[in-house]
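Visitor: I am new to this structure and would like a close look at a single part of it. Please take one residue, explain where it sits, and then connect it to the rest of the chain.

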Amino acid sequence: MIALALGTGEPMPGPATLGLAALAGVLAVAGILGLYTGLAVGRMGVVAPVTGVIAATLPVIVGLIAQGWPGNEVVAGIVLALLAVVLVSRSSDGSGRRSGIEYALIGGVGLGLFNIAVGAFPEHRVAWPLAVIKVSTLLPILAVVIVGRRPWRVPRSILPPLLATALLDLAGNGLYILATQAGRLDVAATLSSLYPVTTVVLAVIVLRERVTRSHLFGIIMAAIAIALIAGGSAAPVA
């Protein structure tokens with residue numbers, strides 16, 4: 001991202017944008033650690049939907065307060081999208097494990113505040129803020145590895161998918177920043193929260209997993225939500 005910023009001649013953002021980017025990186029770590037820890041020790045059917053809905057709801061609330069009430073189509077799309085996240089994230093688990101709800105709350109709040117911080121950049125900058133986000137994300141992760149004495153070496157066999165994941169994550173963050181700068185925070189956050197739908201669809205297509213009834217309903221609701229939000233965002237609000 002530094003090379004991209006220098007190559008495109010993107011101006012260095014001001015202290016406010018750099019500070020929000022650094023804060024966003026720390027919030028992202030808190031959110032991801034909360035989500036992954038919850039999935040490891042708790043039930044996916046609880047952790048995933050709670051994290052997803054909180055992460056989407058917080059910026060929606062901020063967007064409604066800061067930018068006013070959107071059109072009825074957009075509101076209906078946001079509601080359907082949140083329901084779709086719950087449906088596609090549901091998973092049966094008869095292992096008797098604890099719910100992991102406390103980690104889901106940490107994950108949802110962390111990711112939700114990350115979305116809000118990114119949407120609050122006062123300048124239209126992408127490359128430099130992303131570079132700061134990734135650096136500030138790396139530091140607390142290194143601290144967790146060092147303090148917790150956790151292994152840090154990565155097997156060579158997983159390096160290609162690891163690098164691909166990193167690039168996709170970077171692209172997702174960059175596109176989300178552009179979305180918040182081009183439109184409403186609540187719309188951008190809601191549409192980006194539909195990533196579990198993509199995961200389920202890819203699992204069905206690539207891994208040949210069987211789609212459950214709730215997953216199918218969630219996918220259909222997500223498609224309707226996207227259509228409503230796109231149509232409502234394109235139409236002028238009186």
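**A buried glycine and its surroundings**

Guide: In this predicted model, Gly14 counts as buried, because its relative accessibility is 19% and the term buried applies to values under 20%. As for its place along the sequence, Gly14 belongs to the loop that runs between helix 1 (2-8) and helix 2 (15-41). A useful partner for judging distance is Ala188: although 174 residues separate Gly14 and Ala188 along the chain, their C-alpha atoms lie 24 Å from one another.

Ala188 also leads to another part of the picture, since Ala188 is among the residues that Tyr176 touches, together with Asn115, Val118, Leu185, Ala189 and Ser192, when residues up to four places away in sequence are not counted. Tyr176 and Val118 both appear among the residues with the most contacts inside the largest nonpolar core, a set of 16 residues in which Ala24, Phe114, Phe121, Ile133 and Ile177 are likewise named for their contacts. Several helices build this core, with at least two residues coming from each of helix 2, helix 5 (101-119), helix 6 (127-147), helix 7 (159-182) and helix 8 (185-192). Helix 2, whose range of 15-41 follows the loop that holds Gly14, makes the greatest contribution to this core, namely four residues. Apart from this core there is a second, separate one of 11 residues, with Val85, Val197, Val200 and Met221 included in it.

Stepping back to the whole chain, one finds 10 helices and zero strands, so that the pattern read along the sequence is α-α-α-α-α-α-α-α-α-α. Of the 238 residues, 37% are buried, and Gly14 is one that counts as such. Contacts often join distant parts of the sequence: among those between residues at least 6 apart, 89% link residues that are at least 24 apart.

The overall dimensions can be described in two ways. The radius of gyration is 18 Å, which agrees with the value near 18 Å that a compact globule of 238 residues would have, while the C-alpha atoms fill a box of roughly 55 × 50 × 30 Å along the principal axes. Turning to the surface, the chain exposes about 13,200 Å², and 72% of this area is supplied by carbon and sulfur atoms. Finally, the chain carries 14 positive and 8 negative charges, and the mean positions of these two groups are 12 Å apart.

Note on methods. Residues are numbered from 1 along each chain as its sequence is written. This is a predicted model: local features need pLDDT of at least 70, side-chain atom pairs count only at pLDDT 80 or more; totals for chains, interfaces and linings use all residues. Side-chain values use heavy atoms; hydrogens and water are left out. The radius of gyration is taken over C-alpha atoms; the globule rule is 2.2 Å times the number of residues to the power 0.38. Buried means under 20% relative accessible area, exposed over 50%, partly exposed in between (1.4 Å probe, protein chains only). Contact means heavy atoms within 4.5 Å. Accessible areas come from the Shrake-Rupley method with a 1.4 Å probe; for residues, only the protein chains shown count as cover. Lys and Arg count as positive and Asp and Glu as negative; His and the chain ends are not counted. The place of a charge is taken as NZ of Lys, CZ of Arg, CG of Asp or CD of Glu. A nonpolar core is a set of buried Ala, Val, Leu, Ile, Met, Phe, Trp, Tyr and Cys residues joined through side-chain atoms within 4.5 Å.
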